[in-house]
Structures are given as C-alpha cells and as structure tokens.
Amino acid sequence: MPDFTPLIADAGSNLLAARYQMAFTLAFHIILACFGVAFPAVMLIAEYRGRKRGDEDALRLARRWSKAVAVLFAVGAVSGTVLSFEFGLLWPGMMDRFGDAFGIAFAIEGIFFFLEAIFIAIYIYGWERLPGWAHFWSGVPIAISGIGGALSVIAANSWMNTPAGFTLGSDGRVSDVHPLDVLFNTSTWHEFVHMWIAAYIVTGFLVASVYAVAMLRGRRDRYHRLGFLIPFTVAAIAAPIQIAVGDFAARDVFNDQPTKFAAMECVYQSGDNQTEHLGGICTDGEVKGSIPLPGVDSLLAGFSTGTVVKGLEGVPADEQPPTPTTIHLAFDAMVGLGFAMLGLAVWFAAAWRRGRDLPATPWFLRAAAVAGIAAVLALECGWMVTEIGRQPWIVSGYMRTADAVTPAQGLWWAFGLTLAVYVSLALITGVVLRGMARRWREHDAASDVEAPYSPPSAPASVGKAP
Amino acid sequence: MSKADAVAAILWIGVTLYAVFAGADFGAGMWDLLAGHGERGERARALIDRSIAPVWEANHVWLIFVLVVLWTAFPQAFSAVMTTLYVPLSLAALGIVLRGSGFAFRHALPGPVRGPATRVFGISSLLTPFFMGTVVGAIASGKVPADGGGDPITSWTGVLPLVTGALFVVTCAYLAAVFLVRDAGAADDADLERYFVRRALVSAAVAGAAALGGVLALHADARFVYDGLTGDGLPLVILSGICGLAVLALLARGSARGIRPLAVGAVVAVVWGFFVANHPYMLPGSLKIEDAAGASASLTAVIVVFGIAGAVCLPSLGLLYALSQRRALE
C-alpha cells in the first residue's frame, strides 16, 4: 500500500469531510435504491390485478407508476454512479488494499443493474408494443434484478462489518481470496433480508402516503382508493415481518459485532442482567435520562437475564465508536418507528377484517400520510447504526477509516458542491413527480406523460420531412 | 496470455463499449446543444431523443463496469488514478449527474421548463467526455505514479491531456452524427439526413485534425505510447484511418449504407491500438499489468462474471433494441 502519511496536511479534516460526503450521498441514494428494489413489484401487483380482473383503474395505476419508476431509477442510476466514483475519490486506501475482495460483490451487482436498466426500458416501451400478459412478464425481471442487486451491494457492506474470505499477505495486501466466503459472510443474510423488507416498507408507505393525502383532500374515487390500498397492503404485510427480522438481526450483531451492539444498547460494563435503556444520553460510562428496563437487554440478546453482554469499557479506547449516543438513539428511533408502523398495520388489518374497508376516521389517513416519512427515517436510522457503529473501522478489525481516506485537497469544496447539486436534484425530482401527478389529474383519460425511457407521446408528428 | 492480461482485455472491452455507445450518446447531446431553436433544430432534437431515449442508461452502465473491474482486478491502478486525477474525475462525475438528470427531467417536465434541463443536458454532454479524455491523456503521458498521489493539477493540464480531451469531444460528435444520419434515413427524413451528413463531414475533418495533433503530442509527451502506436499498434492505427476515410468517401458519394459499422470500426481500432501500444503496462512507464493485478481468485471471479453478463445481458439488450425499432401495437 502506498504511504500517504507525508502527503496528509490535514488528515482529520479530510476524514470528516469524506465521511460527511459519503454519509450524505449514501443517505440520498438509499431512498432511491428502495424504490428500485420494491416499486417495480408494487407496479407489477397493480398490472397483475388489472389484467386478471380486467380492472382498468389498476392498469392505469401500473402504467403511471412505471413512469415514476423510470424517473426514480434514472436519478438513482446517477447517484449510484457517483458512489462508485466516491469509493476511489474518497477511500482510495481501502480500495487499494481490499478492492480485490470488496469489489467482487459489485461486479455481480453490475449484471443486475444492467438487467434492471434494460428491462425498465423494455417494460415502458412495451406498453405500446407488447401484448397483455407478455408485457406483465417483461416487468418481472426488473423486480428480480432489484432483489439481486440489493443482495450484492449488501454483501459488500456486510463484508466491511464482518470481513471474511481472504488472508493478508506479508506485504499487507489481500491474497488467497475465496469469493463465496466474501459474498456470504456472517452478516450478509441478516443485513440483506432486513434491507430487502425495508425497501418494501419504505416504498409501500411512501407511495401510499401520496394517495392518502389525495384522499384527505377529497379525491376518494376508486382509482385513488386502489392507489392507496395496493402499496399500503404491501407495507402493512412487511411491517410485522420486519420486527421479527430486526430482532434476529440484532441478535446476530450481538454475537458477531459485540462492540456495535454495546454502543446500540449503551452498555458500558460487561456482565449479565443488563438493563435495556430506552432513550438517554451515553456519557462518562453511564446512561443519563433513559427509561431503564432492568435485565431486558440480556433477555433480548440471549433469552435469559443471565446472558453476558460485552460492554464498551472492555474495548480499547481507540477502537470504540466515537459517538455512542448517536448510535444508541438512532437504534431506538428505528425500533420505535418500526413498532409505530406495526401499529398502523394492525389498525388497518383490524378494520379490514371487520368491514372490508379502511378505518373510517380521518386520523387513519393522516397517520398513513406521515408513515412514508416515518419509514424513511427508520431506514436512515438503521444505516446510521450500521455505519457509525462500525467506526473507527472501515473494514472491521483490519483497516481504520482514517487510514483509508484520500489525501486529496479541497474535500470540503467537493462536499459543498455535492450538497448543492443533490439538494437541487431532490427538489427537481419532487417538482417533476408532482408535475406528473398534476397532469394526470388534469388529463384524466389521456394518461400519457413522457418518461425518461419512453417513446415520444405523439410518434406520428415527429421525424417526417415537411 | 496470462490471467491478468485476459482480465485487462475484459476491462478494455468495457472501455471500447463505453467509448462507442456512450460516445455516441455524448455526441448526440452535443448536437442537441447546437441544434438551435429553428423548426429544423427542433426536428433534429426530436430525432436525437428518439435515438437515445431507450438506450441512454444502459449505454452508461459500461462506465460502472469499467470502474468495478478496475478496482476488483487492479486495485492499485484504481487507487493510483483516483489519488492523482481526482479533479478531472470529479468533474466528469459531476457531468454524469447533470447529464443524466437533465435528460430525465427534460422528458418528464412540462413543456415551458424543458429549456434549462435541455441546456444542462447538452453542456454536460460536452464536458464529461472532455474530462474523461484528459484522464486518458494524463495516464498516457505517464503522469500517474504507481503509488498514486501525483500532482493533482499539472498531471492533466499538459498539452497531451488537453488535446486528448478535445479529441474525445469531436470523436463523440462524429460518431453521433454518423449514427443520426442512419436514424434520419430510417425515418425517411431526407432533409435531416443531409443535415447530419454535413455535420458528420465537418466533425470527421476536425476529428482527423485533432488525431494528428494527438500524434504530435504523443511524440512529445508520451514517447512510450507513441513508439507502441507506430510499432506493434501500427496495423490498428492504419485500419482506423482506412475506416475513417471510407466513411468520408461514402458520405461524399451520398451513400449511408455501411457508414455506421465503419465509423464504429475506426473508433474500436484506435482504442485497441492504444491497448497494444501500452502493453505490458497498465499505467505507461510506472505500473505493469502483472504487478497491478489483485488476488488470483478475484481475477477468476471477474472472468466468470463477465461470461455470465455476456450470456444474460446481450440477449436482453437485443430484445430492447428490437422492441425500440418495432412499431406500436394498434
């Protein structure tokens, strides 16, 4: 590995700028990635229903959602491209030493991403050019490659948490790589399933929230009702599953990443009969201002109050995560929001069982309208736990984040520019999606709005010589 | 041929596909920028839209492919390039963001606000290949040390990197014009066909001049690559020249048949001429392919993934191209 130390004038500052930029661009991309994974499935459910039952409203929803999928995929593709540049521009130290282990998952992800890009275009073109069910089936590869792509990217991230499948040579470089052990390390499955389900919850509640707002404003026709019910049902089914998966994932973290677990639960002294702290500030070896539940942390981690939980005090000071309070509160927020969404799902299920209808009170739609934001917050909190909880390591136990960061100059400028571009991108994306919705409302019958991959809406009028 | 050579060739296949397909896309964006506001300009823009709308995203996947293969198979080279040329690479990444979102938004925005999105799309279509070209020129001129950390400014602001950047820009414009001549022909629009024939001829002449300038700059700044291009790589350089001249001759005679494969051939030949000239180096003069190669199993993984990608993605891509050519169902 090249020795960067003499070049680093202000390594601490670079580290912070690089971490901010990575965190910000990832936090942005992860929302779009959720849409990429789950929105095609929601859209296909609508098309399936439309074709199976001859339901025109469902078909119209599928057709319009496919345009929104295209816009979100296009923005997600560029923000994803930026991330692959950032691996080298921000973390050359890690790529230099571990690129040949870490990179394999991305090579596989490339195939899924390519397939997703191709089939989104086929699906959108296919509305005019493929007959009935053939069109439905042309969309299935989008949903499948979204799942495969998520698995690949998560495999890379989980490898950073629990690195496996390689030995370090005497020159400090990776040798003797076992690609399957890299891909399926001990954290791959729990991280993947947790994220996969999260994608359905985020997409389901976010899409449903758009229609919840519309219904609150009085557009209570069948079309809007269906536009609410399809994505909401997907998220409502996923919410209870996610609680069980999350419980499972936390126990995996307890076993494989004890330091991260200690920070999540704000445990300082190792021992059994640990208190579960809800909320609170972790400082000077104790938790202040929390709601303590004695013994519950041990009970959750190992099904018995006798379970020994490792504390932060057993970890050398320079290997502890720097901000346990952030990690602890992010974890609590994620779990709290998860249970709130579960409550919403149960409310919906109870009303549906009784009367095959939504709960009558407007408070249900109001809650559903904010559930989308809640799902995004829970998602971001979860990633904060995963990423900040691994610090100060970039590759757990092998490389510190500070040793991976670039010596390049001007990182704060780059971060400022990135911030400006991404905020504009987010605002314009919002304007575009709202504009699409408004034009759909105004021209109810003519459902065609152009999308990034679509043929022009009036093909006969262009390309002919006068 | 060693395993590292094989993976380097795979990397270069990705570079070639990116150069041809994304190059034509970038060029189309430049013609879009230059099309003006007249009635014919709008028609040209509509043709450009129809040509690239279905494929613009898939074409740019090749860039991700190149980056991923580079860091998985040649991690040291990736890190060396990234820690030296981070300025033009950041600007290219910015260009990619603006280009992709500009194109997506101009389709999805209502008519009156499409103008700014279109201009952003056009300008970034021009800047992105320019900065990519400076990166390639900087690598050719041996300004990237094997351990990285080369000068962040002077490494890419010499004559050769700037000439290479300009060469990339005009080559993209040339490729796109040739593609659009065929598309205009397929749409039975003789007027637009003439419009793009003129542009193809002009950009071909400029590209030829830029290429000659590039050769002189190589002679001055990158003797190793120059010697390779005039040695082992010479047949490919000559092939590229013949293809380019054949396109010119056909266009001058008013025949559009065969110009597309010939123009692609000209670009492919010169890209591979560069590969041959560079061999056995990854970074000319500083890092050999063998020394840059990562763990052996990772190289194998790249080869396997490449095989699967070819088997799965090429038929899908074929389906998309076929579908985009097909008429709408009644």
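Start with B:Pro280, which sits in the loop between α11 (259–278) and β1 (281–283) of chain B. Show the backbone on its N-terminal side: the peptide bond joining B:His279 and B:Pro280 is cis, with omega about 5 degrees. Bear in mind as you look around that this is a predicted model.

**A second cis bond, in chain A**

Now select A:Gln391 and A:Pro392. A cis peptide bond joins these two residues, again with omega at about 5 degrees. Where does A:Pro392 lie? Look in the loop between α12 (362–388) and β7 (393–395) of chain A. These bonds deserve a stop because most peptide bonds are trans, and most residues other than glycine have a negative phi. The second half of that rule leads to the next two selections.

**Two positive phi values**

Stay in chain A and pick A:Asp176. Its phi is near 55 degrees, a positive value in a residue other than glycine. You will find A:Asp176 in the loop between β2 and α6 (179–183) of chain A. Is A:Asp176 buried or exposed? Exposed: there are 12 other C-beta atoms within 10 Å, and a count of 12 or fewer is what qualifies.

Next, select A:Cys266, another residue that is not a glycine yet has a positive phi, here about 55 degrees. Its place is the loop between α9 (258–265) and β3 (276–278) of chain A. How many other C-beta atoms lie within 10 Å of A:Cys266? The count is 29, so A:Cys266 is buried; the cut-off for that class is 20 or more.

**A helix crossing in chain A**

Color helix α5 (residues 132–161) and helix α7 (residues 188–216) of chain A. Their axes come within 9 Å and cross at roughly 135 degrees, which makes α5(A) oblique to α7(A). If you look down the crossing, the handedness of α5(A) and α7(A) is right-handed.

To see the contact itself, show these side chains:

- From α5(A): A:Ile147, A:Ala150, A:Leu151, A:Ile154, A:Ala155, A:Asn157 and A:Ser158.
- From α7(A): A:Thr188, A:Glu191, A:Phe192, A:Met195, A:Trp196 and A:Ala199.

Color them by class, and the contact of α5(A) with α7(A) divides into nine nonpolar residues, three polar and one charged.

**Across to chain B**

Hide chain A for a moment and bring chain B into the center. Its secondary structure consists of 13 helices and two strands. The C-alpha atoms of chain B fill a box of roughly 55 × 40 × 35 Å along the principal axes. The radius of gyration of chain B is 20 Å, which agrees with the value near 20 Å that a compact globule of 330 residues would have. Buried residues make up 61% of the 330 residues in chain B. Contacts in chain B also reach along the sequence: of those between residues at least 6 apart, 78% join residues at least 24 apart.

**A proline in a helix, and the helix beside it**

Select B:Pro161, which lies in helix α7 (residues 159–186) of chain B. B:Pro161 is buried, with 27 other C-beta atoms within 10 Å. Which residues is B:Pro161 in contact with, leaving aside its neighbours within four places in sequence? They are B:Thr134, B:Gly137, B:Ala138, B:Ser141 and B:Trp156. Try a distance label from B:Pro161 to B:Gly137: the two are 24 residues apart in sequence but 3.9 Å apart in space, C-alpha to C-alpha.

Keep α7(B) on screen and add helix α8 (residues 190–221) of chain B. The axes of α7(B) and α8(B) come within 7 Å and cross at roughly 155 degrees. That makes α7(B) roughly antiparallel to α8(B), since angles over 145 degrees fall in that class. The crossing of α7(B) and α8(B) is left-handed. By class, the contact of α7(B) with α8(B) has 24 nonpolar, six polar and three charged residues.

**Last stop: where the chains meet**

Turn chain A back on. Here 71 residues of chain A are in contact with 69 residues of chain B. On the chain A side, α2 (56–90), α3 (92–102), α4 (104–129), β2 (174–175) and α14 (411–442) each supply at least two residues. Which element gives the largest share? Highlight α4(A), which contributes 18 residues to the side of chain A that touches chain B. Colored by class, that side of chain A divides into 49 nonpolar, 14 polar and eight charged residues.

How values were computed: Residues numbered from 1 in each chain as written. Chains lettered and ligands numbered in written order. Predicted model: local features only at pLDDT ≥ 70, side-chain atom pairs only at ≥ 80, totals over all residues. Contact = placed C-beta atoms within 7 Å. Helix = DSSP H or I, 4+ residues; strand = E, 2+ residues; numbered from the N terminus. Nonpolar A, V, L, I, M, F, W, Y, C, P; charged D, E, K, R; others polar. Rg over C-alpha atoms; globule rule 2.2 N^0.38 Å. Axes fitted to C-alpha atoms, helices over the stretch in contact; angles between N-to-C directions. Parallel < 35°, antiparallel > 145°, perpendicular 65-115°, else oblique. Left-handed = near helix turned anticlockwise from the far one by under 90°.
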